[in-house]
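Please examine the sequence and the model shown below. A short report on the fold, the surface and the strand pairing accompanies them.

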Amino acid sequence: MNYSRQRNIISEIVKSSYEHPTAEEIYALAVKELPTIGIATVYRNLNQLEEMGELRRIPITEGSDRFDGHMEEHYHMVCKTCGRLTDLRTDDASISAIKESVCNAFKIKASDVELAPILIEGICGQCIKAKKRKS
């Protein structure tokens, strides 16, 4: 695929963020560097970057998809209260245990299982603390 300044800027925005931005948030940052960029261009380039394996799309049940430029094996947790998305790092043993459970449950080979990205929904520590203060 040919070099594209737009795609390069979009990629850098996603890869430099640990906040897992939405396409709209990426657009708001990209337009500061490229005032003529359109939201459709951002979506098109995000799709291309995902197809190229340079970033990961994280589908969110209630809300906009998020994007992650950190491609090492890890999972995500989304807070059902505030919507914050957090990286969850695990060791190889945890990943193996999850794969083994999936294989046993579905009676399939480990080579047939791809786990990333796993999205866990829960309530983050900040929201739990805030709820306790209100009680």
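The following paragraphs describe the overall make-up and then one sheet.

This is a predicted model, in which local features need pLDDT of at least 70, side-chain atom pairs count only at pLDDT 80 or more, and totals for chains, interfaces and linings use all residues. Residues are numbered from 1 along each chain as its sequence is written, and side-chain values use heavy atoms, with hydrogens and water left out.

The protein contains 5 helices and 5 strands; helices (H or I, at least four residues) and strands (E, at least two) are DSSP runs, numbered from the N terminus. Their order from the N terminus is α-α-α-β-β-β-β-α-β-α.

| Property of the protein | Value |
|---|---|
| Span of the C-alpha trace along its principal axes | about 50 × 50 × 25 Å |
| Accessible surface (Shrake-Rupley method, 1.4 Å probe) | about 8,700 Å² |
| Distance between the mean positions of the positive and negative charges | 7 Å |

Of the accessible surface, 51% belongs to carbon and sulfur atoms. Among the 135 residues, 34% count as buried, that is, under 20% relative accessible area with a 1.4 Å probe, protein chains only.

An open sheet of 3 strands follows the order S4-S3-S5 with mixed pairing. Strand S4 (85–88) and strand S5 (119–122) each have a single partner strand, so one side of each lacks a neighbour in the sheet. Neighbouring strands of this sheet are turned by 30° against each other on average, direction ignored.

Two strands pair if DSSP finds at least two bridges between them. Strand S3 (residues 75–79) pairs with S4 in the antiparallel sense over 4 bridges. Met 77 has Thr 86 in S4 as its bridge partner.

Notes: Buried means under 20% relative accessible area, exposed over 50%, partly exposed in between (1.4 Å probe, protein chains only). Lys and Arg count as positive and Asp and Glu as negative; His and the chain ends are not counted. The place of a charge is taken as NZ of Lys, CZ of Arg, CG of Asp or CD of Glu. Axes are lines fitted to C-alpha atoms, for helices over the stretch in contact, and angles run from 0 to 180 degrees between N-to-C directions.
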